[in-house]
Amino acid sequence: MTRVAVLPGDGIGPEVVAEAVRVLDELGIEHGEHAFGGNAILAGGQPLPHETLAACRAADAVLLGAVGLLELEGAPVRPEQGLLALRKELGVYANLRPARAEGIDLLVVRELVGGLYFGEKGTRDDGTWFDTCEYSRPEVERIAHRAFALARERGQRLTSVDKVNVLHTSRLWRDVVTELGATEYADVPLDHALVDSFAMTIVTAPETIDVVLTENTFGDILSDVAAAVTGGLGLAASASLGDNGPGIFEPVHGSAPQIAGRGIANPAAMLRSTALLLRHGLGQGQEADALERAIDAALGEVQTHDLGGTATTSDVGTAVLRNLAA
Ligand code: NAD
Ligand code: IPM
Ligand code: MN
C-alpha cells in the first residue's frame with residue numbers, strides 16, 4: 001500500500017514537494033501523487049476529487065504542498081475550499097505550527113476545523129454578506145486537551161489566546177480552558193491573553209512564549225506572525241492531526257504565485273513538514289530528527305532568496321540530501 005499520499009497542489013507547491021519526494025525516495029518510503037487544488041479544478045471541476053480523498057483516507061499520512069491560483073481568485077469554486085474540505089473530512093482538528101530561531105522556541109496549536117471558517121455563511125435578502133463564528137464545548141475541549149498535553153510533554157507553559165472582551169465564543173473558549181487547567185492539568189502553568197496584544201507580544205518578546213492555544217482564524221494569522229519573527233514563511237512547517245487516521249503535513253505558506261515557476265522557492269518549510277510527517281505520521285522519530293538536523297546544516301551552507309541567498313530550490317534539496325547521507 002502507498003504509505004504517503006502526496007498532493008503537490010499549485011504554484012510553488014509542486015516545486016517544494018519535488019524536494020520532499022527526493023527525501024521520501026532516499027528513505028524508501030512509498031508514495032503516490034494526486035490532483036488537488038486549482039490544477040484539479042482546471043482539469044475536472046473539483047478542488048478535492050473523490051479519487052484524491054479516497055487515496056488520502058487509505059494512506060498513513062498526507063504530504064501537501066500548497067493550493068491557490070490567481071486566475072481562480074473570486075471564482076465560484078476555489079482551490080482553498082478543497083483544503084478546508086480535506087481537513088474536515090480527515091478530522092484533523094489540531095494544527096501544530098512550531099516556530100524556532102535563536103532564543104525562540106514556541107508552538108502554535110491552532111484549532112483547524114471549526115470557527116469562522118466552517119460556521120454558517122451566506123447572503124441575506126437585504127444584501128448583507130455574513131460569516132459566523134461557532135464553537136461547541138466538545139470542539140474546544142479536544143483541542144485544549146491536545147495543547148495541554150503538548151505543553152506538559154515539553155515541560156512548558158500554555159497560553160490560551162482569545163478575544164474574551166468581545167466575542168461570545170471566546171467566553172466558552174476561556175471557560176473550557178480554565179476548567180480543564182484546574183481539573184486535569186493543574187501541573188501545567190496556564191495563562192490567557194487577548195489576541196490583539198498577543199500579536200504584539202509575538203513580535204516584541206517571542207522568547208517569552210511557549211505553547212499557544214487558539215481558535216482557527218486567530219491561529220492562521222498568529223502563525224504567520226510567528227513565522228515572520230523566526231526567519232519567514234520559507235521555514236515554517238505544520239502538522240494537522242486528528243485522533244486517528246492520517247494527518248496532513250504541509251508548510252504554513254501558500255502557493256506564492258509571485259515566485260512560482262522560477263525554481264527559487266525555499267523548500268525548507270516543506271522539508272520540515274516532511275520531518276513532522278516522519279515523526280507524527282509514520283512513527284519514525286529518529287529519521288525525523290536526522291532530517292531536521294540535515295535541514296539545519298543545509299541552511300548553514302545554502303540559502304534561497306528569501307533568506308538573502310541565491311540558491312535554487314533544488315540546490316537546497318541537494319544540500320539536505322547530502323547532509324542526510326553524511
Ligand atoms: P503565501 O504564503 O503564498 O506568500 C506570502 C509571501 O511569502 C510572498 O511574498 C511569497 O513569495 C513568500 N513565500 C511564501 N512561501 C515561500 C517560500 N517557500 N519560499 C520563499 N518565499 C515564500 O501567501 P499569499 O501570497 O497570501 O497567498 C497566495 C495563495 O496561496 C493564495 O491563493 C492563498 O489562498 C494560498 N494559500 C494557501 C495555503 C495552503 O495551501 N496551505 C496557505 C496560505 C495561502
Ligand atoms: C493556511 C492557509 C489556509 C488557512 C487557507 C489557504 C485556507 O492560510 O493553511 O494557513 O487559512 O487555513
Ligand atoms: Mn495561513
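**Exercise 1. Find which exposed residues sit on the face of α10 turned away from its buried side.**

Solution. Gln-286, Arg-293 and Gly-300 are the exposed residues carried by that face. Here exposed means over 50% relative accessible area, buried means under 20%, and partly exposed lies in between (1.4 Å probe, protein chains only). Helices (H or I, at least four residues) are DSSP runs, numbered from the N terminus.

Before going on, please note that this is a predicted model: local features need pLDDT of at least 70, side-chain atom pairs count only at pLDDT 80 or more, and totals for chains, interfaces and linings use all residues. Residues are numbered from 1 along each chain as its sequence is written, chains are lettered from A and ligands numbered from 1 in the order in which they are written, and side-chain values use heavy atoms, with hydrogens and water left out.

**Exercise 2. Work out how the buried residues of α10 are arranged around its axis.**

Solution. Start with the list: Ala-288, Leu-291, Ala-294, Ile-295, Ala-298 and Leu-299 are buried in α10. Next, look down the axis: the buried residues fall within an arc of 135°, so they line one face of the helix. The arc is that of the directions from the helix axis to the C-beta atoms. A general rule helps here: an α-helix has 3.6 residues a turn, so residues three or four places apart point the same way.

**Exercise 3. Check the span of α10 against its number of residues.**

Solution. Helix α10 covers residues 285-301, which is 17 residues. The expected span is 1.5 Å times one less than the number of residues, and for α10 this gives 24 Å. The end C-alpha atoms are 25 Å apart, which agrees.

Now take one residue of this helix, Gly-285. Gly-285 counts as partly exposed because its relative accessibility is 29%. Ala-275 is ten residues from Gly-285 along the chain, and their C-alpha atoms are separated by 8.5 Å.

**Exercise 4. Decide whether Thr-304 is buried or exposed, and find its side-chain partner.**

Solution. First, place Thr-304: the residue is in the loop between α10 and α11 (313-325). Thr-304 has 1% relative accessibility, so it counts as buried. Finally, its side chain makes a polar contact with the side chain of Asp-306, at 2.6 Å. A polar contact is a pair of N or O atoms within 3.5 Å; within protein, one must be able to donate a hydrogen and the other to accept it, and residues adjacent in sequence count only if both atoms are side-chain atoms.

**Exercise 5. Describe the surroundings of ligand 1.**

Solution. Begin with the shell: 20 residues surround ligand 1, and the closest are Val-67, Glu-80, Glu-250, Gly-254 and Ala-256. To belong, a residue needs a heavy atom within 4 Å. Then come the polar atoms. A polar side-chain atom of Glu-250 is 2.9 Å from a nitrogen atom of ligand 1, while a backbone N or O atom of Gly-254 is 2.7 Å from an oxygen atom of the ligand. Last, the cover: the protein covers 71% of the 810 Å² of accessible area that ligand 1 has on its own. Such areas come from the Shrake-Rupley method with a 1.4 Å probe; for residues, only the protein chains shown count as cover.

**Exercise 6. Do the same for ligand 2.**

Solution. The residues around ligand 2 include Glu-80, Arg-97, Tyr-117 and Asp-220. Oxygen atoms of ligand 2 lie 2.9 Å from a polar side-chain atom of Arg-97 and 2.6 Å from one of Tyr-117. Of the 320 Å² of accessible area that ligand 2 has on its own, the protein covers 79%.

Notes. Helices (H or I, at least four residues) and strands (E, at least two) are DSSP runs, numbered from the N terminus.
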